[in-house]
Every structure is written in C-alpha cells, then in structure tokens.
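Grab a coffee and work through these exercises with the model open. Each one gives you a task, then walks through a solution.

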Amino acid sequence: MAETLLTDPGQSPARLEGWRGIAADWASDQRAFKNVSWGKAMMWIFLLSDTFIFSCFLLSYMTARMSTTVPWPNPSEVFALNIAGKHIPLILIAIMTFILISSSGTMAMAVNFGYRRDRVRTAILMLVTAAFGATFVGMQAFEWTKLIMEGVRPWGNPWGAPQFGASFFMITGFHGTHVTIGVIFLIAIARKVFRGDFDVERRGFFTSRKGYYEIVEITGLYWHFVDLVWVFIFAFFYLW
C-alpha cells in the first residue's frame, strides 16, 4: 500500500496514509477517534470486551443446557413465589426487570439535564437511578437466599440438571457485581455534580476540567449496557 502524505487545502496538519497513518494517529498526542473523547472511547472499548465475557457465559450456559441428559429445571417453577396463597411464576424476576429498565429512563434524563448544566436535577436523577439499581441488587440477594435455602448449589439442585446452579450463580452473580459497581459510581458522580465540582474545576477523582459533564454520559453508557445485558439474561435464562 502506498504511504503518501494527505493534506487538505484548508488545513495545515498532514496525515499519512496506510498503516503508518494509523500508527501515527494512535501514537500522537491527539485523539485517536477525532470526534470522541478518550473517556468515552475507552468506555466503549471496555463495554466491547465485557460483551465478549457475557457472551461466553451465555453460550456456555446454552451449551450445558442443550447437552445435558438430565432434565433442566423449569424456571417458571424454580423462580415462582407464593403470594396471598397463589403460586405466581417469575413475579420477582418481572419486577426486577421493570425496575432495571425504568432506571435506564432516569439515567437518560440525567444525561440530558447534565448537558444542560442543571446540576440539581442531574444529581437527583442519578441518585434515583442508583436507588433503582440498589433495589435490584437487594431483590437479587433475596432470590439467591431463597434458592440457597431450597438446596441450590453450584454442584447440584433438587430439581434436575446439576449445571443449573453453577450457571445461575455465575451469570447472575457477574451481572449483579456490575450493577453494584454502577450504583457506587452513580452515587460518587451524583455527589460531585451536586457539589458543583464540574462547574468550579475542583480537582479530585473524576474531576479535572470545568464543565466536564460528559462523565455523566460515560456513566450512562455503562448503566445502559448493564440494563441491556439483563434483557438477554432474562430472555435466555428465565424465559427459555
């Protein structure tokens, strides 16, 4: 491939074509993605790597489920609750899903108000999102406790294929860890937004530039990813 200098009449900087140009972009003291900040670009790269991990977990679960000769436990029965004398299948999981999807809405509004420099509404909506996330984690802890008391272990369970317990704890535990980390970051960033750290350029953790409300959007990218992953877990693990 020919490597020539490409120049635009109205621009002074010249760039190389081909692999040398790619190497120069990444090695130079400028943004590799011209219109994207480093923080946002690195978050997208992290989410891409995390997508591979969750995909491997779900593919491993589906492989184990389809290859086992022992019947797989029925999720509608395993995850059912007795409320007012009625056996309601997947009611807890449905509520958890509704809460997490609702949190995506509050997070999107927080990003919108963040770019409007409305720090009070941004902080409040981020805290509401964190409360939704904490509620989700609390309900997941209740779900884990219930199943452990019923005899579910990573190596076996009372209803069927022993791989069920390992798949359940691995997938939901890894996702729950992501939600917990997200809640912590939401609270930390909401506190900084409410104090006005991004308006007065107060130095500190995730605070260095005046008006740097983009960190709210970066946090939102992570949170929307966590919500999207749960949709796949809900579909493949609880509804299948």
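**Exercise 1. Place F132 and decide how covered it is.**

Start with the element: F132 sits in helix α5, which spans residues 119-149. Keep in mind that you're looking at a predicted model. Next, check the cover: F132 has a relative accessibility of 26%. Buried would need under 20% and exposed over 50%, so F132 ends up as partly exposed. Last, look across to V183: the two are 51 residues apart in sequence, yet their C-alpha atoms are 8.8 Å apart in space.

**Exercise 2. Sketch the layout of the chain.**

Count the elements and you get eight helices and four strands. Now put them in order from the N terminus: β-β-α-α-α-β-β-α-α-α-α-α. To finish, ask how much of the chain is tucked away: of its 240 residues, 41% are buried.

**Exercise 3. Work out how α2 and α6 are oriented to each other.**

Two packed helices are described by the angle between their axes and the distance between the axes. Take the distance to begin with: the axes of α2 (residues 38-67) and α6 (residues 163-195) come within 10 Å. Then take the angle: they cross at roughly 165°. Anything over 145 degrees counts as roughly antiparallel, so that's the label for α2 and α6. The last step is handedness, and the crossing of α2 and α6 is left-handed.

**Exercise 4. Find the salt bridge between α2 and α8, and say what it ties together.**

The whole count is six salt bridges. The one you want pairs K40 with E217, with the closest N and O atoms 3.2 Å apart. K40 lies in helix α2 and E217 in helix α8, so this pair links parts of the chain that are 177 residues apart in sequence. Check the cover of K40 as well: its relative accessible area is 17%, so it is buried.

**Exercise 5. Compare the cover of the residues in two other salt bridges.**

Take D118 and R121 to start with. Their side chains meet in a salt bridge at 3.6 Å, N to O. D118 has 24% relative accessibility, so it counts as partly exposed. R121, at 48%, is partly exposed too.

Now turn to K192 and D197, whose closest N and O atoms are 3.8 Å apart in their salt bridge. K192 is buried, with a relative accessible area of 11%. D197 is buried as well, at 1%. One more thing to trace while you're on salt bridges: K40, E214 and E217 are joined into one network by salt bridges that share partners.

**Exercise 6. Map the nonpolar patch on the surface.**

List the members: M66, I101, L228, V231, F232, F236 and W240. Together they offer about 670 Å² of accessible area. Which element gives the largest share of the patch? That's helix α8 (residues 214-238), with four residues.

Now test one member, V231, which is found in helix α8. A residue needs over 30% relative accessible area to join a patch. V231 has 37%, which makes it partly exposed.

How values were computed:
Residues are numbered from 1 along each chain as its sequence is written. This is a predicted model: local features need pLDDT of at least 70, side-chain atom pairs count only at pLDDT 80 or more; totals for chains, interfaces and linings use all residues. Side-chain values use heavy atoms; hydrogens and water are left out. Patches are made of residues with over 30% relative accessible area and no salt bridge: like charges are joined within 9 Å, nonpolar side chains (Val, Leu, Ile, Met, Phe, Trp, Tyr) within 5 Å. Accessible areas come from the Shrake-Rupley method with a 1.4 Å probe; for residues, only the protein chains shown count as cover. A salt bridge is a side-chain nitrogen of Lys or Arg within 4 Å of a carboxyl oxygen of Asp or Glu. Helices (H or I, at least four residues) and strands (E, at least two) are DSSP runs, numbered from the N terminus. Buried means under 20% relative accessible area, exposed over 50%, partly exposed in between (1.4 Å probe, protein chains only). Axes are lines fitted to C-alpha atoms, for helices over the stretch in contact, and angles run from 0 to 180 degrees between N-to-C directions. Angles under 35 degrees count as roughly parallel, over 145 as roughly antiparallel, 65 to 115 as roughly perpendicular and the rest as oblique. A crossing is left-handed if the near helix is turned anticlockwise from the far one by less than a right angle, and right-handed if clockwise.
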